[in-house]
Amino acid sequence: MGASASIARVMGAEVLDSRGNPTVQVTVVLDDGSLASATVPSGASTGDAEAVELRDGDRRRYGGKGVLNAVRHVNELIGPALTGLLADDQWRIDAVLIELDGTDSKSRLGANATLGASLACARVAAQACHLPLCRYLGGDAAHILPTPMLNVLDGGIHGNGGPDLQEFMLVPLGAPTFREALRYGVETYHALRELLVERRTVTNVGDEGGFVPVLSSNGAALDLMMQAIERAGYRPGEDISLALDFAATSLWHDGRYRLEREGRSLSAQEMTGLCREWGERYPLVSVEDPLMDNDWDGYAELTRELGDRMQIAGDDLFVSNRSFLVKGIAQRCCNCVVIKPNQVGTVTETLNTARMALAAGYSCMVAHRSGETEDTSIADLAVALNCGQIKAGAPARGERVAKYNRLLTIEGSLGEGAHFAGRAAFQRKR
Ligand code: PGA
Ligand code: ZN
């Protein structure tokens, strides 16, 4: 891109996500003719403090979930404000968006409007510079392919009728390359399907492409995954480890965490005990949101007890927001932050949170949302950060596979320069 390529047009559109809900797509055109789009994902088990996803609330359209107001903000407010800015000045673009919005939560413009614009600017600038997005955002240093965390059993609010826990993930950390890690994961996913068929259990999938079997307990889900790994010819813990997302805020009822499938309710301490027990019985390398999103003391305690033996990932606790992460670092809550650009609403703020986490010795897990699109930006983001972890759902369904396919392309294009994160991504630093 010549230093002169500047933003000529910004256009918003209402399109659909993988659940058939409306979402925002933004296309940016530069004065050198470059053009690129970005599409924003949408969560279901959202943290309380996430930036605001603006929905129209007009019940006559999409049950109130339309995003025509956010699209209008892109066309009428964001477009004029960004026109003329240099496309590769991401910091300034995002500063303009933040100022134009003027709220802490992006509630005026909508974080779906701001992220769509922010990300589309990054994508078009990368294109104008003839760089892959990962190199545009991360520079020449971007070369680490993340270890994929493949969600193969969906429960909670993503998998109605399935396990209580939201996500049961395979972590093929023993593979030599990303391509091989993906193959380990896919073969195990297929072995898991076979096991479910043999047990005459349904093999329907949930929002993120994981199976949603009816099982008597959450431990039974972990046992099944262990069997699937072995059936596929891999060694649990050596080739493939396990990770969980409890999404515990959605388990919280009447002051306790309810595991409905098991007919029991647990306190925060008992949840910690459950993580320890599972950590002893299974090759469990990461637990996400094991407590609800306002229990900072509980997180400090849990991290003190378990943080040296497994990754404790904060998603709803930090909502990718630097101010919450600052609090978490001070109080030693968790040792990993989940990074989702739409939780905070601009590319710059996303990068800032992730970089602060890495500098503080926390790991970063770049993540999709349960409502996704064909947009693959998070794959590039994970490589740009060299953070070594991505969770993008099952190795099935187009919107999930798109991210993994993008990583295959990046790995191929980096050639000898590519390095697979593997087990090193889960080595405990603190
Ligand atoms: P969400 O779930 O996208 O529905 O918020 C993903 C997660 O909790 O990690
Ligand atoms: Zn989560």
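# Exercises with worked solutions

Cys334 sits in the loop between α9 (322-330) and β13 (336-339); helices (H or I, at least four residues) and strands (E, at least two) are DSSP runs, numbered from the N terminus. We're working with a predicted model: local features need pLDDT of at least 70, side-chain atom pairs count only at pLDDT 80 or more, and totals for chains, interfaces and linings use all residues. Residues are numbered from 1 along each chain as its sequence is written, chains are lettered from A and ligands numbered from 1 in the order in which they are written, and side-chain values use heavy atoms, with hydrogens and water left out.

**Exercise 1. Work out the sign of phi at Cys334, and decide whether Cys334 is buried or exposed.**

Step 1: start with the background. Most residues other than glycine have a negative phi.

Step 2: check the residue. Cys334 isn't a glycine, yet its phi is positive, at about 65°.

Step 3: check the surroundings. Cys334 counts as buried because its relative accessibility is 0%; buried means under 20% relative accessible area, exposed over 50%, and partly exposed in between (1.4 Å probe, protein chains only).

**Exercise 2. Do the same for Ala247: what is its phi, and in which loop is it found?**

Step 1: phi at Ala247 is about 45°, which is positive although the residue is not a glycine.

Step 2: Ala247 belongs to the loop between β7 (241-245) and β8 (252-253).

Step 3: with a relative accessible area of 2%, Ala247 is buried.

**Exercise 3. Describe the shell around ligand 1: how many residues surround it, and which classes do they fall into?**

Step 1: count the neighbours. Ligand 1 is surrounded by 14 residues, and the closest are Ala44, His158, Arg369, Ser370 and Lys391; to be near, a residue needs a heavy atom within 4 Å.

Step 2: sort them. The shell has eight charged, five polar and one nonpolar residue. Here Asp, Glu, Lys and Arg count as charged, Ala, Val, Leu, Ile, Met, Phe, Trp, Tyr, Cys and Pro as nonpolar, and the others, Gly among them, as polar.

Step 3: see where they come from. Domain 1 (7-130) and domain 2 (139-426) each give at least three residues to this shell; the bounds come from an automatic or database domain assignment.

**Exercise 4. Which polar distances link ligand 1 to Asp245, Glu288 and Ser370, and how much of the ligand's area does the protein cover?**

Step 1: recall the cut-off. A polar contact is a pair of N or O atoms within 3.5 Å; within protein, one must be able to donate a hydrogen and the other to accept it, and residues adjacent in sequence count only if both atoms are side-chain atoms.

Step 2: read the distances. A side-chain N or O atom of Asp245 is 3.1 Å from an oxygen atom of ligand 1. For a polar side-chain atom of Glu288, the distance to a ligand 1 oxygen is 3.1 Å. With the side chain of Ser370, an N or O atom is 2.6 Å from an oxygen of ligand 1.

Step 3: add the cover. On its own, ligand 1 has 280 Å² of accessible area, and the protein covers 100% of that (Shrake-Rupley method, 1.4 Å probe; for residues, only the protein chains shown count as cover).

**Exercise 5. Place Ser370 in the fold, and find its side-chain partners.**

Step 1: Ser370 lies in the loop between β14 (363-367) and α11 (377-385).

Step 2: at a relative accessible area of 3%, Ser370 is buried.

Step 3: its side chain makes a polar contact of 2.9 Å with the side chain of Arg19, and one of 3.3 Å with that of His158.

Step 4: the UniProt record (unreviewed entry) lists Ser370 as "binding site", along with Gln166, Lys340, Arg369 and Lys391. Such positions are given in the numbering used here, feature names are shortened, and annotations may be inferred rather than shown by experiment.

Step 5: take Gln166 from that list. Gln166 is in the loop between β5 (147-154) and β6 (167-171), and is buried at 2% relative accessibility.

**Exercise 6. Where is Thr23, and what does its side chain reach?**

Step 1: Thr23 is part of strand β2 (residues 22-30).

Step 2: Thr23 counts as buried, at 4% relative accessibility.

Step 3: the Thr23 side chain reaches the backbone oxygen of Val40 at 2.6 Å.
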